[in-house]
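Visitor: Could you pick a single part of this model and take me through it closely? Please spell out the cut-offs as you go, since I like to know what sits behind each word.

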Amino acid sequence: MKDNLSNETKHKIEEAELRARHIVNEHCNLNEMIDQRVFIIGVGKISEKLGFPTYMVNFGDDFGVEKSRLTDRFTNDVKGFAMKNTKSAASGSIYVDSRDDIEVRRFTAAHELGHLILKHLDDSEMSIAFRDNASAPDQADEKELTANAFAAELLMPKRLMKEALRNKKITKAITIEDMDFIPRLAESFGVTVEAMRRQISRLRELGEI
Ligand SMILES: [Zn+2]
């Protein structure tokens with residue numbers, strides 16, 4: 001995490017991680033996952049249960065019922081977005097571009113779920129994940145940072161990460177670049193290599209690994 005974040009922002013990031021951790025504990029049987037060495041968190045199932053179904057849509061194609069809400073921005077620049085249901089605060093929808101790789105789609109979906117769970121949206125508001133910056137680590141906007149922290153912890157929960165890293169030799173001296181097991185680890189969690197690198201850095205920063 002960037003050092004220049006305010007304490008308040010750092011605190012909000014920790015809260016977002018905690019929120020994700022609670023949700024994972026509530027919806028996933030982590031003991032069973034660990035026993036079976038299965039580390040893929042079913043983000044679609046979780047958001048559905050929470051009242052925020054996720055739709056995979058080809059953003060380059062006809063967008064069906066939602067098309068009227070879309071503008072030119074949606075052609076190539078957007079990888080996902082979320083909307084609250086104006087009639088019910090506890091529900092909403094998440095849309096993810098089906099053209100992206102599965103690992104990208106999963107993170108986009110989890111990020112948008114973060115915006116909804118963390119109550120970032122006003123009634124008429126949409127949150128939009130742009131392809132070029134939505135999950136960039138240096139994203140300075142607090143809502144984006146906390147949605148990313150939520151997504152990372154949801155898809156790579158601390159407990160599963162520690163388990164998966166149990167017999168990896170992570171010494172203080174080893175750099176992220178030298179951790180040659182990261183691509184395989186990323187694959188087993190269904191996330192991008194970049195997302196896995198960031199989560200390992202975060203857990204290191206927290207002194208967890
Ligand atoms: Zn966002």
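Guide: What follows is a close look at the pair of helices H7 and H8, along with the parts they meet. Keep in mind that this is a predicted model, in which local features need pLDDT of at least 70, side-chain atom pairs count only at pLDDT 80 or more, and totals for chains, interfaces and linings use all residues. Residues are numbered from 1 along each chain as its sequence is written.

A bit of context before we zoom in. The chain comes to eight helices and four strands, where helices (H or I, at least four residues) and strands (E, at least two) are DSSP runs numbered from the N terminus. Their order along the sequence is α-α-α-β-β-β-α-β-α-α-α-α. Of its 209 residues, 33% count as buried; buried takes 20 or more other C-beta atoms within 10 Å of a residue's own, exposed takes 12 or fewer, partly exposed is in between, and the C-beta atoms are placed from the backbone.

Now to H7, residues 182-189. Leu185, Ala186 and Phe189 are its buried residues. They span an arc of only 100 degrees around the axis, so they sit on the same side of H7; that arc is taken from the directions from the helix axis to the C-beta atoms. These buried residues pack against H5, H6 and H8, with a contact meaning that two C-beta atoms, placed from the backbone, lie within 7 Å. After H7 comes Gly190, with a positive phi near 70 degrees.

Next is H8, which covers residues 193-205. Its 13 residues should span 18 Å at 1.5 Å a residue, and the end C-alpha atoms are indeed 18 Å apart, so the two values agree. The expected span is 1.5 Å times one less than the number of residues. Buried in H8 are Ala195, Met196, Arg198, Gln199, Ile200 and Arg202, two arginines among them. What do they pack against? The buried residues of H8 pack against H4, H5, H6 and H7. Just after H8, Gly207 has a positive phi of about 75 degrees.

How do the two helices meet? H7 and H8 pack at an angle of about 100 degrees, their axes 9 Å apart. The axes are lines fitted to C-alpha atoms, for helices over the stretch in contact, and angles run from 0 to 180 degrees between N-to-C directions. That makes the two helices roughly perpendicular to each other, since angles of 65 to 115 degrees get that label, under 35 is roughly parallel, over 145 is roughly antiparallel and the rest is oblique. On the H7 side the meeting residues are Ile182, Pro183, Leu185, Ala186 and Phe189, and on the H8 side they are Val193, Ala195, Met196 and Arg197.

H7 also has a sequence-distant partner in the loop between H2 (30-36) and H3 (43-49), where Ile40 is found. Ile40 and Phe189 are 149 residues apart along the chain, yet their C-alpha atoms are separated by 4.8 Å. Leaving aside residues up to four places away in sequence, Ile40 touches Phe189 and Gly190. With 15 other C-beta atoms within 10 Å, Ile40 counts as partly exposed. Val38 lies in that loop between H2 and H3 too, and its C-alpha atom is 7.5 Å from that of Ser188, 150 residues away along the chain. Val38 is exposed, having 12 other C-beta atoms within 10 Å. Arg37 is another resident of the loop between H2 and H3, and its phi is near 55 degrees, a positive value in a residue other than glycine. Arg37 has 10 other C-beta atoms within 10 Å, so it counts as exposed.

Finally, a look at H4, one of the partners of H8. Of the 16 residues of H4, 14 are buried, so H4 is largely enclosed by the rest of the structure. H4 is followed by Lys119, whose phi is positive, near 55 degrees. Lys119 is exposed, with 9 other C-beta atoms within 10 Å.
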